[in-house]
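Welcome! Please take a moment to look over the chain below, and then we will walk through it together.

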Amino acid sequence: MEYQMIAPEHSEQVLEHLRRNFFADEPLNKAAGLCQNGSSCPALEAHCAEAIQHRMSVMAVDAKEKGACKIVGVVLNGILKPGDTAKALSKLDCNDDADFRKIFDLLHRHNLKHNLFEHFDVDCMFDVRILSVDSCYRGQGIANELVKRSVAVARKNGFRLLKADATGIFSQKIFRSHGFEVFSEQPYSKYTDEDGKVILPVEAPHIKLQQLYKAICAGDQDEKKQSL
Ligand code: ACO
């Protein structure tokens, strides 16, 4: 397995991987019925393509796959600034994909309510947005390696704070094993409409959204620079 930084020219291949492995499988997408495996979802694709432009994302490539390189895992990371989430939430009203709106309304409102910028007094964050591994390659430590490398990219670029919205118990376990801590949680059973109906009936064993963070202190940065 090889790990490489994702460049904008890899976008189409990365999106193809996500259509087959993330768009239908991720717990909230699955609960919303966002799309069938392999089909496109323009709203989610735009969200992913925007992250790739930040040039902080990493992919796992199987070079032995039938003589050609195959993307088997990706972590899409972006830079988040104060005001970005409020702007994304206000743009959501114009999005005509109701299932996408259900998911991102939950994520954006949760992040605005539990404001990491204010709590940590930072003016930007390294945002781990999408973690995805090919269903045929799961359970081999690829997601673990992608998160480990993301932390290294964040350190190298001088970020003081990383954040991730982990939607399922496995991704939550992975982030915590890399030193992320839980800042806030939202049980899916409490995300309801005005009639009390659960908006996203997420399947067990996934029961809640976790907003996780990892703070990198100045001492850690210096230590890392010396070892590079
Ligand atoms: N059952 C039990 N344990 C699991 C499972 C599973 N299905 N999947 C992962 N784990 C555990 C592993 O045992 C391992 O634990 P360990 O470190 O103690 O050995 C740990 O999680 C990491 O396992 P990896 O092999 O590194 O994870 P993998 O490469 O299989 O990828 C992922 C996990 C990314 C969750 C994959 O299943 C996937 O792509 N799922 C669909 C998309 C998704 O849900 N992504 C995360 C959403 S949150 C976000 O994107 C920020």
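## A pair within one helix

In this predicted model, R109 and D105 form a salt bridge, with their closest N and O atoms 3.0 Å apart. Both residues belong to helix α5 (residues 98-113), where they sit four residues apart, about one turn of the helix. How accessible is R109? R109 has a relative accessible area of 48%, so it counts as partly exposed.

Helix α7 offers another pair to look at. There, the side chains of E145 and K148 meet in a salt bridge at 3.9 Å, N to O. The two are three residues apart in helix α7 (residues 142-156), which means that about one helical turn separates them. K148 is partly exposed, at a relative accessible area of 48%.

## A pair across the sequence

Now turn to K30 and E203, whose side chains meet in a salt bridge with a distance of 3.7 Å from N to O. What does this pair tie together? K30 is in helix α2 (residues 27-32) and E203 is in the loop between β6 (181-187) and β7 (208-215), so the bridge links parts that are 173 residues apart in sequence.

Are these two partners buried or partly exposed? K30 is partly exposed, with 47% relative accessibility, and E203 is also partly exposed, with a relative accessible area of 49%.

## Charges over the whole chain

Side chains of opposite charge can pair when their charged atoms come close. In this model the count of salt bridges comes to 16. The chain carries 30 positive and 32 negative charges, and the mean positions of the two sets are 4 Å apart.

## The overall fold

Stepping back, you will find nine helices and seven strands in the protein chain. Along its principal axes, the C-alpha trace spans about 55 × 45 × 30 Å. What does the radius of gyration say about the chain? A compact globule of 228 residues would have a radius of gyration near 17 Å, and the protein chain has 17 Å, so the two agree.

Contacts add to this picture: among those with a separation of 6 or more, 75% are between residues 24 or more positions apart.

## Inside and outside

How much of the chain is buried? Buried residues make up 49% of the 228 residues. On the outside, the accessible surface comes to about 11,700 Å², and carbon and sulfur atoms account for 49% of that surface.

Definitions and conventions. Residues numbered from 1 in each chain as written. Predicted model: local features only at pLDDT ≥ 70, side-chain atom pairs only at ≥ 80, totals over all residues. Heavy atoms only, no water. Salt bridge = Lys/Arg side-chain N within 4 Å of Asp/Glu carboxyl O. Buried < 20%, exposed > 50% of the residue type's maximum accessible area, 1.4 Å probe, protein only. Rg over C-alpha atoms; globule rule 2.2 N^0.38 Å. Contact = heavy atoms within 4.5 Å. Areas by Shrake-Rupley, 256 points an atom, 1.4 Å probe, with all protein chains shown as cover. Lys, Arg positive; Asp, Glu negative; His and termini not counted. Charge placed at Lys NZ, Arg CZ, Asp CG, Glu CD.
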